[in-house]
Amino acid sequence: MRRDLCDGVGIARLLNATLVLPRFEVAAYWNETSGFADVFDVDYFIQKMSGFIEIVKELPAEIASREPFRVDCSKRKGQFDYVESVLPLLVEHHYISITPAMSQRRDRYPLYAKAALCQACYNALHLTKVLEKKASELLDAIPKPFLSLHLRFEPDMVAYSQCEYQGLSPASLEAIEAAQGDRKPWTGDAARIWRSRGKCPLTPKETAFILQALSIPTNTTIYLAAGDGLMEMEGLTSVYNNVYTKSGLLSGEDFTSMHGNTKAALDYYVSINSDSYIATYFGNMDKMVAAMRAFNGLYKTLFLSRRAFAQFTSQELRGKELVEALWKVHRDDFVIGRGSALPDCFCEFKL
């Protein structure tokens, strides 16, 4: 959501358009109806974006009853230009709706649009005061120092990846099958190629093995930044037993009354303020966390390599040989900053 909000602001500035406070279309993922104001401080956002773009909370009365003209900005090959492709539709219809999809590369934005996008990403999006207070209390409750681990092994994530796993519990297999629908796992050579490309989420057991290969002590305090429904957790907690979760640190009433968006916001807040951050996937949250940590001068950020783990195990590396190979590839990735976000927002320039 933060990524799309940043892109939405950049696009509005490109088109010299007024931005209506964004709506979250999250039902498909979280089965909830929370909105922008449930997560972010609306007045702060509008105030900090003043001078960059104009933002309104509600549509003007004269067009409020109309449906917007929907513009498809889904990803496409080749060069795409919002001014050439979308501006004529905005001029014609006056009120359009788009879903940002980074169809136009940000490095092609003019400086004034980059400035608006960066202001939104790094200065204007603050959690609501209530949510920030809860996030701060959660952060304070975690023993220091600690590592924030973003682990992705939920049934829908595994089903979406179309990967097949051996040795999972019957309960996990049943949950994955329920989430698959028509999306069946790859088999044969296609499955091996898919896994070797790093497309398969790491299991908690695989994650624990890689953490040990990286010489992360088993008594390390770990905050688990993850959604509901994580499977096979004993694969991690049987090795690393100082694992803390928001459900364990927040009161039952606090936790059960929260939406998926607000839970994710807590994970984000804790992760950008943790002593170190490790991600088992390279998703949108991981990219935003890495960027904000770098922006704040926190560089102990690492992305575990699913591709390297898959390739090494397919080569039948075992024991000390596998540990040394994993250590080397992650050391090299960390040294060169692979996966770390270095957007134009980190550069200083005058408009």
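Pro145 lies in the loop between helix H9 (129–141) and strand S5, and a cis peptide bond joins Lys144 and Pro145, with omega at about -10°. The model described here is predicted. Strand S5 pairs in the parallel sense with S6 over 4 bridges, and 4 bridges also join S5 to S8, again in parallel. The points below cover the backbone, these strands, a buried helix and a helix pair.

**Backbone geometry in the loops**

- Most residues other than glycine have a negative phi, and most peptide bonds are trans.
- The bond between Lys144 and Pro145 is cis, with omega about -10°.
- His94 is not a glycine, and the phi of His94 is positive, near 70°.
- His94 is placed in the loop between helix H7 (87–93) and strand S4 (96–98).
- His94 counts as exposed because its relative accessibility is 61%, and the cut-off for exposed is over 50%.
- Ser215, also not a glycine, has a positive phi of about 65°.
- Ser215 is found in the loop between H13 and S6, just after H13.
- With a relative accessible area of 54%, Ser215 is exposed.

**Strand S5 and its partners**

- In a regular strand the side chains alternate between the two faces of the sheet.
- In S5, Leu147 and Leu149 point one way, while Ser148 and His150 point the other way.
- All four of these S5 residues, Leu147, Ser148, Leu149 and His150, are buried.
- Towards S6, the bridge partner of Leu147 is Ile222.
- Towards S8, Ser148 stands opposite Tyr277, and His150 stands opposite Ala279.

**Strand S8 and the step to S9**

- Ser276 and Ile278 point one way from S8, and Tyr277 and Ala279 point the other way.
- Each of Ser276, Tyr277, Ile278 and Ala279 is buried.
- S8 is joined to strand S9 (residues 301–303) by 3 bridges, and these two strands run parallel.
- Ala279 has Phe303 as its bridge partner in S9.
- Between S8 and S9 the chain passes through helix H18 (residues 284–295), forming a right-handed β-α-β crossover.
- Ala279 therefore faces a residue in each of two strands: His150 of S5 and Phe303 of S9.

**Helix H13 and its cover**

- Helix H13 (residues 204–213) is mostly covered, with 7 of its 10 residues buried.
- The buried residues are Pro204, Glu206, Thr207, Ala208, Ile210, Leu211 and Ala213.
- Strands that help to cover them include S5 (147–150), S6 (222–225) and S8 (276–279).
- Helices in the cover include H14 (234–237), H19 (306–314) and H20 (319–336).

**The pair of helices H4 and H8**

- Two packed helices are described by the angle between their axes and the distance between the axes.
- The axes of helix H4 (residues 42–49) and helix H8 (residues 111–124) come within 10 Å and cross at roughly 140°.
- The crossing of H4 past H8 is right-handed.
- From H4, the contact involves Tyr44, Phe45, Lys48 and Met49.
- From H8, the residues met are Ala116, Gln119, Ala120, Asn123 and Ala124.
- By class, this contact holds 6 nonpolar, 2 polar and 1 charged residues.
- Lys48 is the charged residue, because Lys counts as charged in this classification.

Definitions and conventions. Residues are numbered from 1 along each chain as its sequence is written. This is a predicted model: local features need pLDDT of at least 70, side-chain atom pairs count only at pLDDT 80 or more; totals for chains, interfaces and linings use all residues. Side-chain values use heavy atoms; hydrogens and water are left out. Axes are lines fitted to C-alpha atoms, for helices over the stretch in contact, and angles run from 0 to 180 degrees between N-to-C directions. A crossing is left-handed if the near helix is turned anticlockwise from the far one by less than a right angle, and right-handed if clockwise. Contact means heavy atoms within 4.5 Å. Buried means under 20% relative accessible area, exposed over 50%, partly exposed in between (1.4 Å probe, protein chains only). A crossover is right-handed if, with the strands pointing away from the viewer, the path from the first strand over the helix to the second runs clockwise.
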